[in-house]
Amino acid sequence: MRGEDRLSKFNPLVSMVTPVYNGSNYMREAIDSALAQTYKNIEIIVVNDGSTDNTEDIALSYGDKIRYFKKENGGVASALNLAIENMKGKYFSWLSHDDAYPTPVRSSRRCAHYCNLTTEAWSYSVVEL
């Protein structure tokens with residue numbers, strides 16, 4: 001089966017999770033990089049871990065393009081756990097608030113590559129739950 005055919009049959013929801021604490025300086029770039037991906041069966045989850053800056057205002061400005069959660073500060077692990085408990089995707093990708101996903105073309109090639117592999121071969125920040 002050709003890569004394009006396999007990609008069209010393999011279209012699981014991917015949850016892109018961004019835990020953030022006082023990350024208003026870079027968070028918009030991270031969210032925009034997730035929204036710019038050519039693989040569109042995604043949900044973007046932002047977990048505000050008790051930020052005291054304008055993180056919430058930035059997150060809320062995206063409206064229904066993201067799912068937003070707010071909690072008391074408890075550290076990145078507790079923010080990730082909250083996201084994992086609430087995610088709907090089959091796969092999980094962690095995007096730090098001060099990072100960005102690769103350009104969409106590169107990301108699409110990577111997704112096509114992963115779609116040709118068994119789930120046991122996934123690595124880095126994509127985990128099957």
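**Exercise 1.** Which residue of β2 does T18 stand opposite?

*Solution.* The model is predicted. Start with the two strands. Strand β1 covers residues 14-20, and strand β2 covers residues 42-49. The two run parallel and are joined by 7 bridges. Now find T18. Opposite T18 stands V46 in β2.

**Exercise 2.** Trace the chain from β1 to β2 and give the handedness of the crossover.

*Solution.* Leave β1 and pass through helix α2, residues 27-35. Then enter β2. This is a β-α-β crossover, and it is right-handed.

**Exercise 3.** Find the bridge partner of M16 in β4.

*Solution.* Strand β4 spans residues 91-94. It runs parallel to β1, with 4 bridges between them. Within β4, M16 is partnered by S93.

**Exercise 4.** Decide for each face of β1: covered or open?

*Solution.* Take one side: V14, M16, T18 and V20 are all buried. Take the other side: S15, V17 and P19 are buried too. Both faces are therefore covered, given that buried means under 20% relative accessible area. The count for the strand is 7 of 7 residues buried.

**Exercise 5.** Classify N81 as buried, partly exposed or exposed.

*Solution.* First place the residue: N81 lies in helix α4, residues 76-86. Next take its relative accessibility, 43%. Buried needs under 20%, and exposed needs over 50%. N81 has 43%, so it counts as partly exposed.

**Exercise 6.** How many Å separate the C-alpha atoms of N81 and V47?

*Solution.* Along the chain, N81 and V47 are 34 residues apart. In space, their C-alpha atoms are separated by 9.8 Å.

How values were computed: Residues are numbered from 1 along each chain as its sequence is written. This is a predicted model: local features need pLDDT of at least 70, side-chain atom pairs count only at pLDDT 80 or more; totals for chains, interfaces and linings use all residues. Side-chain values use heavy atoms; hydrogens and water are left out. Buried means under 20% relative accessible area, exposed over 50%, partly exposed in between (1.4 Å probe, protein chains only). Two strands pair if DSSP finds at least two bridges between them. A crossover is right-handed if, with the strands pointing away from the viewer, the path from the first strand over the helix to the second runs clockwise.
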